[in-house]
Amino acid sequence: MDPPAGPSLGLYDYDLLVIGGGSGGLAVAKEATELMKKVLILDLAAPSARGTERVLGGSSLNLDSIRKFLQQASLLGKAIQDSQKYGWGMKEPASHGWGELVGAVQEQMKTRSLELKKELKRGGVFYLNARGEIVAPHTVEVTDMNGRKRRLTAETLVIATGDRPQYPGIPGDREYCLNSEDLLSLPHPPGRTLVVGGSAEGLECAGFLFGLGLPVTVMLQPDLLPGFDQKMAQKIENHLLVSGVDILYHSSLTKVEQTEARSQDAISDDSAIKRQQVSQGRLRVTIISKEGQTTHQDFDTVLITAGRKALTSDIGLEHVGVQCSQDTGRILVNERDQTSIDHIYAIGSVQHGRPSARGLSVHAGTLLARRLYREDNILCDYTNVPTVVLTPLEYAACGLSEEKANLTFGEDSVEVYHSYYWPQEWELPARNKNSCYVKVICHIPDHERVVGLHIMGPNAGDILQGFVAAMKCGLTKQQLDATVGIHPGSAQVLSSLTQTQRMSEALMMRGNC
């Protein structure tokens, strides 16, 4: 919907102007419009270094959806193997078609973006596929796709520009490496892949690609799942290793160069499958170990997943004095999501020091609009925010890690209940009994209130969701024990935990004596 020209609200053209089409920005815009405010969204994100176009919805909505699609593709491959134990037979061996997956996902993303635009139009939200830069306290310079400029004013501004993968700044990174946004732009399978970074994003990509039968190496640069419970991270690492993923420790990537360029048309084998599986270039990477030893390895694809950078550098924040973190470039906000400038707010992953998730951004954006235009006083609670890592063996968590709980309350005040469990659907194919795991972290002086809950297993995110509401209400271990579990089902393990880590460690010590 094209916005009308000229002022119509006294001093300002709009009540609210949102720079960026992230999930939080869309939420605050839609809620404000329902409250009878005039709202404009500006969203024109530059393509990635490899030319991948970005669509409306921001990184949280689109990448989260893609993450789930890719995880499902990997899980279906494993399910096909398991199906034989359930009586299903295949006349021919199942094979994966990379082109079919890429086409389906890309089409779904385009459809979703189109539906979002239609939803905004139906709701009365004005939308421009244009770039916005703040040039004065209430003034934004709008630059459309053709470079035409004009200035619009708004009483309130919201920044929801999100973030994007960052490159390590080494020779060859932008020329030859991909990031997670580019992965599905490949017309062919990525072949032997080096995943640089131990982030959730990196481990998810590694698990997905390995699940398709591709050789994968993960370089933990800098650490494994930073910010997550490290004992849970080690279990995910062990599962990947046992599955066959290679992991490089204490190493740094210093250079990427192309050593061989091959055209698919030059392949002598006429097989369409063979043609699909050949990469269009061979890459040689230079790796330096912690001890300073230099090695070289060859890969078909190098995937960079070593962090994300907030898109705040070119939207004019410095023109009006909005304060950002010098380290991260993310915007400093108070408990009301307000920046250092009273009428400018920030939502989503552009905020400094806040967790980032689509559900959280939507919730925060909705509450912000209600505070601005309905005189509500409800603040967004940024504690006990659930998160999920969509590795093949899914990991979901809410609340404190064990390390954070010990640091906050002291080890003597923390009790950790834990258990391995075996999903019933794993019994017939005889999958590993000691893969799935749960951990409940309790604060002893506070009636063993549950301050952290961690689940690793199939559908961990869905299992966790209901317990998140209980944790918001002050769930205790006694209440958890009094909960009747559903059988058959994996969630029931959480209501029957009796083993503590102290007990497990004592038993191990006895066994070693």
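This text walks through a predicted model, from its sheets to its hollows and then to some unusual backbone spots.

Start near the N terminus, with two paired strands. Strand 1 (residues 14-19) runs parallel to strand 2 (residues 39-42), and four bridges join them. In that pairing L17 stands opposite L40 of strand 2. The side chains of strand 2 split two ways. V39 and I41 point to one side, L40 and L42 point to the other, and all are buried. The pattern follows a general rule. In a regular strand, side chains alternate between the two faces of the sheet.

Helix 1 covers residues 23-34, and V28 sits in it. Is V28 buried or exposed? V28 counts as buried because its relative accessibility is 0%. Leaving aside residues up to four places away in sequence, V28 touches L16, V18, V158, G365, L368 and A369. L16 and V18 fall within the residue range of strand 1.

Next comes an open sheet of five strands. Its order is 8-15-9-10-11, and the pairing is parallel. Which strands stand at the edges? They are strand 8 (178-179) and strand 11 (246-248). Each has a single partner strand, so one side of each is left without a neighbour in the sheet. Strand 8 is joined by two bridges to strand 15 (residues 301-304), and the two run parallel. Here N179 stands opposite I304 of strand 15. Helix 6 (residues 230-243) packs on this sheet. Helix 6 touches strand 10 (216-224) and strand 11, and its direction makes about 165° with that of strand 10.

A second open sheet of five strands has the order 18-19-22-21-20, with antiparallel pairing. Its edges are strand 18 (387-389) and strand 20 (414-421). Each of these has a single partner strand, so one side of each lacks a neighbour in the sheet. From one strand to the next, the twist averages 15°. Strand 18 pairs with strand 19 (residues 395-399) in the antiparallel sense, over three bridges. In strand 19, A397 is the bridge partner of T387. Helix 6 appears again here. Helix 6 packs on this sheet too, touching strand 19, strand 20, strand 21 (436-443) and strand 22 (449-456). With strand 22, the direction of helix 6 makes about 10°.

Now turn to the hollows. The second largest pocket has a volume of about 1,300 Å³. Its lining counts 46 residues, and the closest to its centre are S74, L75, K78, P392 and R431. Which helices each supply at least two residues of this lining? They are helix 2 (58-83), helix 3 (98-123), helix 5 (200-211) and helix 6. Helix 2 gives the largest share, with 14 residues. By type, the lining divides into 21 nonpolar, 17 polar and eight charged residues.

Helix 3 also holds S113. With a relative accessible area of 6%, S113 falls under the 20% cut-off, so S113 is buried. Beyond residues up to four places away in sequence, S113 touches V55 and L56.

How many cavities of 30 Å³ or more does the structure hold? It holds one. The largest cavity has a volume of about 40 Å³. Its lining is made by I347, G348, Q351, P355, S356, L360, S361, A364 and Y382. Five of these lining residues are nonpolar, four are polar and none is charged.

Last come the backbone exceptions. Most residues other than glycine have a negative phi, and most peptide bonds are trans. D337 has a positive phi, near 65°, and is not a glycine. D337 lies in the loop between helix 8 (317-320) and strand 17 (344-346). D337 is buried, because its relative accessible area is 0%. E448 is another case, with a positive phi of about 50° although it is not a glycine. Its place is the loop between strand 21 and strand 22.

The peptide bond from H487 to P488 is cis, with omega near 0°. P488 lies in the loop between helix 12 (477-481) and helix 13 (501-512). How far apart are V28 and P488 in space? From C-alpha to C-alpha they are 41 Å apart, and in sequence they are 460 residues apart.

How values were computed
Residues numbered from 1 in each chain as written. Predicted model: local features only at pLDDT ≥ 70, side-chain atom pairs only at ≥ 80, totals over all residues. Heavy atoms only, no water. Buried < 20%, exposed > 50% of the residue type's maximum accessible area, 1.4 Å probe, protein only. Contact = heavy atoms within 4.5 Å. Pairing = 2+ DSSP bridges. Axes fitted to C-alpha atoms, helices over the stretch in contact; angles between N-to-C directions. 1 Å grid on protein atoms, 1.4 Å probe; cavity = no way out; pocket = protein on both sides within 12 Å on 5 of 7 lines; lining within 4 Å. Points joined across faces, edges and corners; volume = space filled by probe spheres on them. Nonpolar A, V, L, I, M, F, W, Y, C, P; charged D, E, K, R; others polar.
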